[in-house]
Amino acid sequence: MKPKVLLDRVGLWSATAVAGIAMMLGIAPMNAKAEFKIPTEVTDLGKDTYKKYCSPCHGEEGNGNGPLARSMLPKPRDFTRGAYKFRTTPSGSLPTDEDIYRTISFGVPNSTMIPWDILTEEQRLSVIPVLKSFSEAFEFRKPDPPVEVGLRVRPTEKCIAEGKKIYEEKLECWKCHGIEGRGDGPSAAEQEDDFGFPIKPFDFTTGKFKGGNSPQDVYLRFTTGLNGTPMPSFAKELTDEERWCLTYYVMSLIKPEENTHK
């Protein structure tokens, strides 16, 4: 994909453009601050909402072993472990309340976790303390400050070429994600999450990124990693600029012509 096409697709001319497009699509970047009050205590509304809408998959005790979980892959999140994939916080950190709210509201594309926008805002907010109550981690630790994200480089041909080199040579991402980014690398079948369940490397060609489709969201995945999975953080291995170039490269692998009717 040409850099100009990539720019047109993701609206990367400026941070303002990205924010504007996200607002029009109803998709808030992961580092967007919430403007609502999140309850600090478990309420009857939260318990009732969780039991009715969440426990069939995640289980009444939050251990990811609900009656519907048996037929699901990947398995529903086990909240008792306190390991959350989609965060704005560094690798190994707990998520912020806003991170949890965003996942509840927007769901996880290409998974059985649907967007729960059919629930009222009050219901979605009330579930957050319930989820946190399942893990002792929230009693003894606080989330680290969110990672700062800034549009520091443009997706030029040089930058995307650098991202390709990082993907193929420096990090050898192709071993899991495949040369064309289809999630079919030679090591793909061997991957398991931290709980021993099989996990499939992401197929970049779909363009349906699980943690959000904005460039900031993809950049965050390379910066924070996905807790509980084989996907590590590259905050130490790559410079900020290199992570942006890798972001632009994997987004250039999107094949809309193959996914129009999916």
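## Helix α7 and its surroundings

In this predicted model, a good place to start is helix α7, where Cys159, Ile160, Gly163, Ile166 and Tyr167 are buried. Why do they end up on the same side of α7? They cover an arc of only 110° around the axis, which places them on one side of the helix. As a rule of thumb, an α-helix has 3.6 residues a turn, so residues three or four places apart point the same way. On the face turned away from the buried side of α7 you'll find the exposed residues Glu157, Lys158 and Glu169.

The length of α7 checks out too. At 1.5 Å a residue, its 14 residues should span 20 Å, and the end C-alpha atoms sit 18 Å apart, which agrees.

**What comes after α7**

Right behind α7 comes Glu172, with a positive phi near 55°. That is a positive value in a residue other than glycine. Glu172 is in the loop between α7 and α8 (174-177). Is Glu172 buried or partly exposed? Its relative accessibility is 33%, so Glu172 counts as partly exposed.

**The nonpolar cores**

Which residues of the largest nonpolar core touch the most other members? Of its 30 residues, those are Tyr167, Phe204, Phe209, Phe222, Leu246 and Val250. Three helices, α7 (157-170), α9 (215-224) and α10 (240-252), each supply at least two residues of this core. Helix α10 gives the largest share, with seven residues. In soluble globular proteins, nonpolar side chains tend to be buried together.

Tyr167 is worth clicking on. Setting aside neighbours within four places in sequence, Tyr167 is in contact with Glu172, Cys173, Trp174, His177, Gly178, Ile179, Gly181, Phe204, Leu246, Tyr249 and Val250. So Glu172, the residue with the positive phi, shows up here among the contacts of Tyr167.

There is also a second, separate core of 19 residues, and Phe79, Val127, Ile128 and Phe138 are among them.

**Cysteines**

How many disulfides does a search of the whole structure find? It finds one. Cys159 is joined to Cys245, with the sulfurs 2.2 Å apart. The angle about the S-S bond is -115°, and the link of Cys159 and Cys245 is left-handed. Cys159 lies in helix α7 and Cys245 in helix α10, so the pair ties together parts that are 86 residues apart in sequence. Both Cys159 and Cys245 are buried.

What about Cys54? The closest cysteine sulfur, in Cys57, is 8.7 Å from that of Cys54, which is too far for a bond. Cys173 is in no disulfide either, and the nearest cysteine sulfur belongs to Cys176, 8.6 Å away. Cys54 counts as buried at 14% relative accessibility, and Cys173 is buried with a relative accessible area of 12%.

Here are the accessibility values for a few single residues, side by side:

| Residue | Relative accessibility | Class |
|---|---|---|
| Cys54 | 14% | buried |
| Cys173 | 12% | buried |
| Glu172 | 33% | partly exposed |
| Thr239 | 44% | partly exposed |

The last row, Thr239, belongs to the loop between α9 and α10. The C-alpha atoms of Thr239 and Thr223 are separated by 9.7 Å, although the two are 16 residues apart along the chain.

**The whole chain, and how far to trust it**

Zooming out, the chain has 11 helices and zero strands. Of its 262 residues, 48% count as buried. Among contacts between residues at least 6 apart in sequence, 62% join residues at least 24 apart.

As for confidence, the mean pLDDT of the chain is 86, and 84% of its residues reach 70 or more. Which elements have the lowest and the highest mean pLDDT? Helix α2 (residues 15-25) has the lowest, at 36, and α7 the highest, at 98. Over residues 8-27, pLDDT stays under 50, and for that stretch the model has 31 contacts beyond four places in sequence.

Definitions and conventions. Residues numbered from 1 in each chain as written. Predicted model: local features only at pLDDT ≥ 70, side-chain atom pairs only at ≥ 80, totals over all residues. Heavy atoms only, no water. Core = buried A, V, L, I, M, F, W, Y, C linked by side-chain atoms within 4.5 Å. Buried < 20%, exposed > 50% of the residue type's maximum accessible area, 1.4 Å probe, protein only. Helix = DSSP H or I, 4+ residues; strand = E, 2+ residues; numbered from the N terminus. Contact = heavy atoms within 4.5 Å. Expected span 1.5 Å × (residues − 1). Arc of directions from axis to C-beta. Disulfide = S-S within 2.5 Å. pLDDT = per-residue confidence, 0-100.
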